[in-house]
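Me: Please take a close look at one loop of this chain, and then relate that loop to other local features of the model. I would appreciate a connected account with the reasoning made explicit.

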Amino acid sequence: MRLGRFRRELSVALALAALLAVLGVLAPRFFRPEQLMAMAVSNASVVVAAVGMTMVILCRQIDISIGSQFALCGVAAGLMARAGVPIPMVAVGTLLVGGMLGAVNGWLVAMVGLPSIVVTLATMVIWREALRYGRQGAFVRDLPAQFQWFGAGQSTGQWVILAASLLVFLLFAWGLRNLAAGRAVYATGSDPEAARLAGVRPNRVVFGAFAAMGALTGLAALLSAVRFVDVDPNAGTGLELRVIAAVVVGGVAISGGRGTPIGALIGVALLGAIGPALVFLGTEPQWEKAVQGMIILLAVATDALDRGGR
C-alpha cells in the first residue's frame, strides 16, 4: 500500500494525535470514559452526514442545505413517533423524507443543470422557512418513551447510536472503494467528460449522490433527535459548515475526485475534539470557531498547493 496516497489523511491524523498528546499532559481528565463517550455520541450524527457530504464533494458539488434538511427530518421523525408510528417505520419514513429532499437538489443540479451552491442555498432557505411557518418555533413534545430509549441518558442506547454511525461509515467507505458505483463517483469528480466516454452517466451519479446525502441527513437527524426529550425545529443550524469543514480538513478535495471517507472521519474527530479541548485547557470557548477557521484555511491552502504541484 502506498502511504503517499493517504498523505492528507496521515497529516490530519498526526494533528489529532498531537492534540491528544498535549491534552494527555496538560488535561488528563479529558480522557475520562464518560467524557469520551459524550463526545463520540454528540458527533455520531456528524459522521453520518460527513459520509454523504464526502460523496457530494467527490462529485465536484456542494450541499449547504443539510442543516435545514436535518431540522425538517428531525421534526418529521418526532411527529411520526408522537402519532404512534412504530420506531422501525419512523426510521424508514425519516430516511425517505431526507432522500426526497436530497432528490430535489439532485434533480435541479444534475437534470436541470443549475449550480449546486445556488440550488442548495435556495432550498436551505425554503426548507427552513417552511418549517418556521409550519411549526412557529414550537418543539415536538410528548414523545413516546421508546423513541428516546436510544439516547436519553442510558448507555445501551448510546452504544446503538455509535454502532449505527460506524456501520454507515464502514458500508460507504467499502462501497466507494470496491463497488462500480463508488468508482463512478470518483470518475465523475475527476473528469465528467472522460467518465461519460468511459460509460459512466455523470448526471445519474450526481443525482444519486445528492439523494444519498439527503437520506443520510435523515438518519443523522434521527440519531440526534432520539437523544433529547423534545425535537427542536431549529436544530441543525450551522451543521452544513461543520460537516463541510470536517470533510475538507479530512483531505477530500473541494475540486472533486480525491479523498476518502476515512479522512472525513478523522476530520470530524479533529474538529469535534477542539471545542472540549479548549475547555479542558482553560481557554475561552469563543476561540473554538477561530481555531477551526484557521484549520480549515490551512486545509484549503494545502489542497490548493497540492493541486498546483501536480
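Reply: Aspartate 142 is located in the loop that runs between α5 and α6. The model is a predicted one, and the description below should be read accordingly. The backbone of aspartate 142 has a phi near 55 degrees, a positive value in a residue that is not glycine. Its relative accessible area is 67%, and aspartate 142 is therefore classed as exposed, because the class begins over 50%.

Glutamine 136 is found in this loop as well, between α5 (116-135) and α6 (145-148). Phi of glutamine 136 is also positive, near 55 degrees, and this residue too is other than glycine. With a relative accessibility of 62%, glutamine 136 counts as exposed, since the cut-off for that term is over 50%.

A second loop, between α2 (33-58) and α3, offers a further point of reference, for it holds aspartate 63. Is aspartate 63 buried or exposed? Aspartate 63 is buried, and it has no salt bridge. The nearest side chain of opposite charge belongs to arginine 128, 11 Å away, whereas a salt bridge requires a side-chain nitrogen within 4 Å of a carboxyl oxygen. The side chain of aspartate 63 does have polar partners: one contact, of 2.7 Å, is with the side chain of serine 65, and another, of 3.5 Å, is with that of glutamine 69.

The helix that follows this loop is α3, covering residues 66-82. Its 17 residues should span 24 Å at 1.5 Å a residue, and the C-alpha atoms at its ends are 24 Å apart, so expectation and model agree. Helix α3 is mostly covered, with 13 of its 17 residues buried. Just after α3 comes glycine 84, whose phi is positive, at about 95 degrees.

Finally, the surface has a nonpolar patch formed by Val22, Val25, Leu26 and Leu281. Together these residues have about 370 Å² of accessible area. One of them, leucine 26, is in helix α1 (residues 7-26). Leucine 26 has a relative accessible area of 59%, and it is therefore exposed, the cut-off being over 50%. As a rule, an α-helix has 3.6 residues a turn, so residues three or four places apart point the same way.

To return to the loop between α5 and α6, aspartate 142 and glutamine 136 both lie there; aspartate 142 is exposed, and glutamine 136 is likewise exposed.

Note on methods
Residues numbered from 1 in each chain as written. Predicted model: local features only at pLDDT ≥ 70, side-chain atom pairs only at ≥ 80, totals over all residues. Heavy atoms only, no water. Helix = DSSP H or I, 4+ residues; strand = E, 2+ residues; numbered from the N terminus. Expected span 1.5 Å × (residues − 1). Buried < 20%, exposed > 50% of the residue type's maximum accessible area, 1.4 Å probe, protein only. Patch = residues over 30% accessible without salt bridge, like charges linked within 9 Å, V, L, I, M, F, W, Y side chains within 5 Å. Areas by Shrake-Rupley, 256 points an atom, 1.4 Å probe, with all protein chains shown as cover. Lys, Arg positive; Asp, Glu negative; His and termini not counted. Polar contact = N/O pair within 3.5 Å; in protein donor to acceptor, adjacent residues only side chain to side chain.
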